[in-house]
Amino acid sequence: MLPKRTDLLISGTYLISMDPDVGDLPCADVLIGDGRIVDVRPHDPVAHPDAHQPAAPGRRPADHGGVTVIDGTGTVTLPGFVDTHWHLWNSLLRGTVGDRPGTDYFTVKRALAPHFELDDFYWAARLGLAEAVSGGITTVHNFDHNVRGPEDADANIRAHLDSGLRGRFSYGPPDSAAPDSPNDLDDLAALRARWPAARLDGRLDFGIAVRGPYRTPPEVYEREWATARSLGLPITMHCDRCLREEGCRSCGLTRLEELGLLGEDVQVIHAVHAGEQDIRALARTRTRVSLSPMTEMRTMGFPLLTELLDAGVRVSLSLDTLAMPTSADILGHLRAIVSVEAARTGSATVTPRRLLRLATLDGAHDLGLQDVTGSVTPGKRADLVILRSTDINLTPSGDPAEALVYTGQIDNIDTVIADGRVLKRHGRRVLADDEPDPVALAAAHRDALLRRAAAAGDWRPPAAGDTTAARETGPDR
């Protein structure tokens, strides 16, 4: 059961709208009704005279004719962040993947993926989505590359809907599937019948996660592309030859262009070793690129953010996975990116405000949701994050956009609103009445998963210097 939508007025906040027609408003009122942004205007203290009076302990926020007022004094409001590539299923692997021998991401993933049970998929996704809420992320693209059957897909979809967030579910193959084994295209086609629009609350759509021509033969990838396009489903694929080819200096995207596999319906992930011709192919075909800078810098190389933006490629940002040492602290990620790009290129292309746009409106464009979310625009759905600008790390400040990127932290997030529902308030996640805490349940499921894998001989807790903690099962991503 989700928290109920309520009509809301955010009163007197500093608004960074990401809408060029609205701009920044240093003291704004944002009215929300039935999950939609109804109005955005300069703050009117006459209309809401008690909006900025401090509430007594235990007092509910002010109510004006059925509209609950959220006092925005000393806050900054942004569109909710949009994550365009996240493997939610392996959120349970956090704390198991590490730096010790035998605990690298791929070894652990291959060892544990076959041992996931149906509830593990649900609670892994709920854990990742709960962290998304904590980090102000209101839209998540769930790139599921361990769909072991239709029930697994359904568990992920239920988890997403139960979280209250917006997003996309992209249907992939089981982890470490044989190259000549295609996705379950029959179930992909049946997905919409099983999950009609009325069940999706206007918050979820579907796509397909493919491996592509460098990892599957023509009889597989040609059929997958044809099926996706016949169904009108967006396509997403990893471009990570650098993980398998020593000295890789090309992503081979010109070949995909020649094969007709690129286009506006395609999202390419990573592409950290894209050459000049690769980047031109992406720009020509208007193919979208999702960068995951924190995992890319750890395992692949430097993301080519400046080069892609300068070439006019459509770029968005993503976390990739919680299994590796990552978290949903988007502001921390943006701070790392702006510093890396300044050191790597010296270009002025990547600025704090440009990064905030990448994490909001550009992400919405990547997922085809630019008319729904990504900016604080009347008529769009109410996906918002409110941060306390009076916290010590943000005081004093000049340009709030620069302050958020250079010194902002996840702890500054006071309120998160997704589709008009308040999912975080006063720095704490809001659970519906009698809703179990997904964090506690995910931890219990992770422990049970490790016990099953250990009993099967595929996993044992690593010791110092142990290089055989998990049994390797193949070279797939």
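Over residues 471-476 the pLDDT, the predictor's confidence in each residue, stays under 50. This is a predicted model, and for that stretch it has 16 contacts beyond four places in sequence. Taken over the chain, the mean pLDDT is 91, and 90% of the residues reach 70 or more. Residues 51-61 are another stretch where the pLDDT is below 50; beyond near neighbours in sequence, the model gives residues 51-61 13 contacts.

From confidence we turn to the fold. The chain contains 15 helices and 18 strands. Its radius of gyration is 22 Å, and the globule rule gives 23 Å for 477 residues, so the chain is as compact as a globular protein of that length. Measured out along the principal axes, the C-alpha trace spans about 65 × 50 × 50 Å.

How is the interior filled? Of the 477 residues in the chain, 58% are buried, a term that stands for under 20% relative accessible area. Contacts also link distant parts of the sequence: among those between residues at least 6 apart, 74% join residues at least 24 apart.

The outside can be described by its area and the chain by its charges. The accessible surface comes to about 18,500 Å², and carbon and sulfur atoms account for 52% of this surface. Among the side chains of the chain, 52 are positive and 67 are negative. The centres of the positive and negative sets lie 1 Å apart.

Methods. Residues are numbered from 1 along each chain as its sequence is written. This is a predicted model: local features need pLDDT of at least 70, side-chain atom pairs count only at pLDDT 80 or more; totals for chains, interfaces and linings use all residues. Side-chain values use heavy atoms; hydrogens and water are left out. Helices (H or I, at least four residues) and strands (E, at least two) are DSSP runs, numbered from the N terminus. The radius of gyration is taken over C-alpha atoms; the globule rule is 2.2 Å times the number of residues to the power 0.38. Buried means under 20% relative accessible area, exposed over 50%, partly exposed in between (1.4 Å probe, protein chains only). Contact means heavy atoms within 4.5 Å. Accessible areas come from the Shrake-Rupley method with a 1.4 Å probe; for residues, only the protein chains shown count as cover. Lys and Arg count as positive and Asp and Glu as negative; His and the chain ends are not counted. The place of a charge is taken as NZ of Lys, CZ of Arg, CG of Asp or CD of Glu. pLDDT is the predictor's confidence in each residue, from 0 to 100.
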